[in-house]
Amino acid sequence: MQLHLFCILSLFVALPTLAVASGSEDQIITQYIVEHTIGNDPFSLRGIIEMKTASKGLIRQQFDEDFLSRLYVAATEGKDYKIRLVSKSKSTDFQTVVEGFINSCDLYASGFTDSIILHVNNQGLANAVSVSTSVTCPGKLRQKKTMNPSTTVTLLRAENAPTPYTEMYIKKIKEQEAKASEPEQKSFFGNMWMFIIPLVIVQLLSAFFQSGKSDAAKK
């Protein structure tokens with residue numbers, strides 16, 4: 001199965017100052033509130049994320065009675081399903097708000113089995129969120145009678161994120177450009193040597209004779 005990740009949109013509301021708990025009693029736990037909507041409808045509460053470990057959590061979800069029906073209609077119309085995640089410290093007013101979205105048809109076809117990934121800074125507050133599913137929209141979508149939503153939550157911290165290989169990438173591009181230019185240079189000299197060498201010889205001979213005339217005049 002191919003994992004399909006969709007656009008991530010980050011909106012910073014304030015700068016965080018407190019740390020998230022990683023097993024130490026003296027650290028503050030960050031609260032993660034998930035809201036959702038279909039299309040351009042107003043956001044409503046989906047649930048609260050509870051972190052079970054430093055990187056894994058679960059969400060206690062709640063849905064309106066007609067939510068699944070509205071999701072099916074949105075899926076047939078090609079609309080997006082959006083989530084908005086508010087992360088904030090329980091002891092301050094600092095918080096961040098980030099949004100992500102997925103195609104409603106993909107989500108509905110999966111039976112609402114999705115994965116939420118939080119990208120957090122070293123204070124534990126989210127600066128990006130992604131929502132995905134391993135199922136793609138079928139050619140003909142059938143309405144489901146029931147659904148049992150299931151969500152996995154993963155938290156990725158900034159210090160554990162892969163380092164971008166920008167310098168290595170630029171160096172590789174320059175090497176490829178240099179290799180690409182070598183055949184052109186060889187082709188130029190290979191085609192023009194019969195003109196360049198006689199010209200160099202003429203210049204050398206001219207300089208030699210001019211030098212000889214100058215010496216004779218001095219004598």
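Is Cys 137 buried, exposed or partly exposed, and what is its relative accessible area? I looked that up first: Cys 137 is partly exposed, at 35% relative accessible area.

**Entry 1: what kind of model this is**

I'm working with a predicted model, so I checked the confidence before anything else. The protein chain has an average pLDDT of 76, and 68% of the residues score at least 70. Of the elements, helix α2 (residues 104-109) has the highest mean pLDDT, 95, while strand β2 (residues 8-11) has the lowest, 36. I then found that pLDDT stays below 50 over residues 1-28, yet this stretch has 67 contacts in the model beyond near neighbours in sequence. Residues 161-166 are also below 50, but that stretch has 0 such contacts.

**Entry 2: the overall layout**

I counted up the elements next: the protein chain has 10 strands and 3 helices. Reading from the N terminus, I get the order β-β-β-β-β-α-β-β-α-β-β-β-α. The chain has 219 residues, and 29% of them count as buried. About 14700 Å² of the chain is exposed, with 57% of that coming from carbon and sulfur atoms. I also looked at contacts with a separation of 6 or more: residues 24 or more positions apart make up 68% of them.

**Entry 3: strands side by side**

I picked β5 (residues 56-61) and asked which strands it is joined to. Strand β4 (residues 44-51) runs antiparallel to β5, and 5 bridges join the two. They form a hairpin, with 4 residues between them. One pair I noted is Gly 47, whose bridge partner in β5 is Gln 61. Strand β10 (residues 150-157) is also antiparallel to β5, this time with 2 bridges. Here I noted Gly 57, which has Val 153 in β10 as its bridge partner.

**Entry 4: back to the cysteine**

What does Cys 137 pair with? It is joined to Cys 105 by a disulfide, with the sulfurs 1.8 Å apart. Cys 105 sits in helix α2 and Cys 137 in the loop between β9 (126-133) and β10, so the pair ties together parts 32 residues apart in sequence. I found 1 disulfide in the structure, so I kept a reminder for myself: a disulfide is a covalent bond between the sulfur atoms of two cysteines. The torsion about this S-S bond is about 60°, so I wrote the disulfide down as right-handed. The two ends are not equally covered: Cys 105 has 2% relative accessibility and counts as buried, whereas Cys 137 is partly exposed at 35%.

**Entry 5: salt bridges**

I found 7 salt bridges in the structure and looked at a few.

- Arg 46 and Asp 114 meet through their side chains at 3.0 Å, N to O. Arg 46 lies in β4 and Asp 114 in strand β8 (residues 113-120), so this pair ties together parts 68 residues apart in sequence. Why do I call Arg 46 buried? Its relative accessible area is 0%, and the cut-off for buried is under 20%. Asp 114, at 3%, counts as buried too.
- Glu 35 and Arg 84 form a salt bridge at 2.7 Å, N to O. Glu 35 is in strand β3 (residues 30-38) and Arg 84 in strand β6 (residues 80-89), 49 residues apart. Arg 84 is partly exposed, at 25%.
- Asp 66 and Arg 70 form a salt bridge with their closest N and O atoms 3.5 Å apart. Both count as partly exposed, Asp 66 at 40% and Arg 70 at 30%. Through shared partners, Asp 41, Asp 66 and Arg 70 are joined into one network.

Methods:
Residues are numbered from 1 along each chain as its sequence is written. This is a predicted model: local features need pLDDT of at least 70, side-chain atom pairs count only at pLDDT 80 or more; totals for chains, interfaces and linings use all residues. Side-chain values use heavy atoms; hydrogens and water are left out. pLDDT is the predictor's confidence in each residue, from 0 to 100. Contact means heavy atoms within 4.5 Å. Two strands pair if DSSP finds at least two bridges between them. A disulfide is a pair of cysteine sulfur atoms within 2.5 Å. Buried means under 20% relative accessible area, exposed over 50%, partly exposed in between (1.4 Å probe, protein chains only). Accessible areas come from the Shrake-Rupley method with a 1.4 Å probe; for residues, only the protein chains shown count as cover. A salt bridge is a side-chain nitrogen of Lys or Arg within 4 Å of a carboxyl oxygen of Asp or Glu.
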